[in-house]
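The following paragraphs lead the reader through one protein structure, from polar contacts and strand pairing to disulfides and aromatic rings. The sequence and the structure should be kept in view throughout.

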Amino acid sequence: MRAAALTGVVLVAIAAGCGGTKTVTVTQTSTTVQTVTVTTTTTTTTGSAAPAACTGADLEGRFAVVPGSAGAGNIVYELRLTNTSTSPCAVSGLPAVTLLDRNGSPLPTHVSAAQQGQATAAQIVLQSGQTAKADARFSPDVPGTGEQHTGPCEAKAYVLRVTAPGGETVAAPISPPTSVCEHGSLSFSVFSSAP
């Protein structure tokens, strides 16, 4: 039996060597190269910074009656501020003003916005020689509460002292000089560009 088993193993070994199949394993390595280009764009803005607020030294002013504006106890005067410096500067919002008498002494002055929300206005940039304007409506002859009823309601104002947004003041002569009733109440529009 042992010889028979051994003979079977030999026969199987011979059969495997004669016509058997051969398995070959092939390993293939594939390398993919990918090039990625990254482009960085840098944008540089070369613009000038916003101009500084106008100072009193930058400006020249005048406060004059608007012809034909008198009526119903009111009148309109126009404040004009001109940039007399060589650099641009800016104004915005309501003017900050004080009425002065003939001797330069302060008179009662109260500024309000002609329309609600006007105090938050756009910035008006004035190049050299350009002008901004703001209109003031007031009563020159109708007394307010607590003012005298015979004679002028308040002393006549000759100069409107304007505090510039960048500091300092500018004197705007009043043409013609006038009383401002209701304790110096001026209803101003915000600054806008003047032609």
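A polar contact is a pair of N or O atoms within 3.5 Å; within protein, one of the two must be able to donate a hydrogen and the other to accept it. The model examined here is a predicted one.

With that definition in hand, a suitable place to begin is T109, which is found in the loop between β4 (96-100) and β5 (110-113). Which backbone atoms does the side chain of T109 reach? One is the backbone nitrogen of L99, at 2.9 Å. Another is the backbone oxygen of L107, which lies 2.9 Å from a polar atom of the T109 side chain. Both distances fall within the cut-off of 3.5 Å for a polar contact. Leaving aside residues up to four places away in sequence, T109 touches V97, T98 and L99, and also H183, G184 and L186.

The next residue to consider is H110, which belongs to strand β5. Is H110 buried, partly exposed or exposed? Its relative accessible area is 46%, so H110 is partly exposed. When residues up to four places away in sequence are again left out, H110 touches H183, G184, S185 and L186. H183, G184 and L186 are thus contacts of T109 and of H110 as well. In sequence, H110 and V97 are 13 residues apart, and their C-alpha atoms are 8.5 Å apart in space.

From the loop that holds T109, the path leads back to strand β4 and its pairing. Strands β4 and β8 run antiparallel and are joined by 5 bridges. Within this pairing, T98 has R161 of β8 as its bridge partner. Strand β8 is in turn joined to strand β9 (residues 169-178) by 6 bridges, and these two strands also run antiparallel. Here the bridge partner of L160 in β9 is A172. The hairpin of β8 and β9 has 5 residues between the strands, and G167 in this hairpin takes a positive phi near 105 degrees. Strand β8 is therefore bridged to β4 and to β9. In a regular strand, the side chains alternate between the two faces of the sheet.

Covalent links come next. A disulfide is a covalent bond between the sulfur atoms of two cysteines. How many disulfides does a search of the whole structure find? The search finds 2. In one of them, C54 is joined to C89, with the sulfur atoms 2.0 Å apart. The torsion about the S-S bond of C54 and C89 is about 85 degrees, and the disulfide is therefore right-handed. C54 lies in the loop between α1 (2-17) and β1, whereas C89 lies in strand β3 (residues 89-91), so this pair ties together parts that are 35 residues apart in sequence. Both C54 and C89 are buried.

The other disulfide joins C153 to C181, with an S to S distance of 1.8 Å. This link is left-handed, with -90 degrees about the S-S bond. C153 is placed in the loop between β7 and β8 (157-163), and C181 in helix α2 (residues 181-184); the pair therefore ties together parts that are 28 residues apart in sequence. C153 is buried because its relative accessible area is 8%, below the limit of 20%. C181 is buried as well, with a relative accessible area of 1%. Counting bonded cysteines along the chain, the disulfides follow the pattern 1-2, 3-4.

The last stop is the aromatic side chains. A pair of aromatic rings is described by the distance of the centres and the angle of the planes. Over the whole structure, a search finds 3 aromatic pairs. In the pair of F63 and F188, the ring centres are 6.2 Å apart and the planes stand at 35 degrees, so the pair is tilted. F63 is part of strand β1 (residues 59-65) and F188 of strand β10 (residues 185-188), so the pair ties together parts that are 125 residues apart in sequence. F63 and F188 are both buried.

Y77 and F138 make up another pair, and it is tilted because the centres of the rings are 5.2 Å apart and the planes are at 50 degrees. Since Y77 lies in strand β2 (residues 75-83) and F138 in strand β7 (residues 131-138), the pair ties together parts that are 61 residues apart in sequence. Y77 and F138 are likewise buried. F63, Y77, F138 and F188 form one aromatic cluster.

Technical notes:
Residues numbered from 1 in each chain as written. Predicted model: local features only at pLDDT ≥ 70, side-chain atom pairs only at ≥ 80, totals over all residues. Heavy atoms only, no water. Phe/Tyr/Trp six-rings, centres within 6.5 Å; stacked < 30°, edge-to-face > 60°. Helix = DSSP H or I, 4+ residues; strand = E, 2+ residues; numbered from the N terminus. Buried < 20%, exposed > 50% of the residue type's maximum accessible area, 1.4 Å probe, protein only. Disulfide = S-S within 2.5 Å. Contact = heavy atoms within 4.5 Å.
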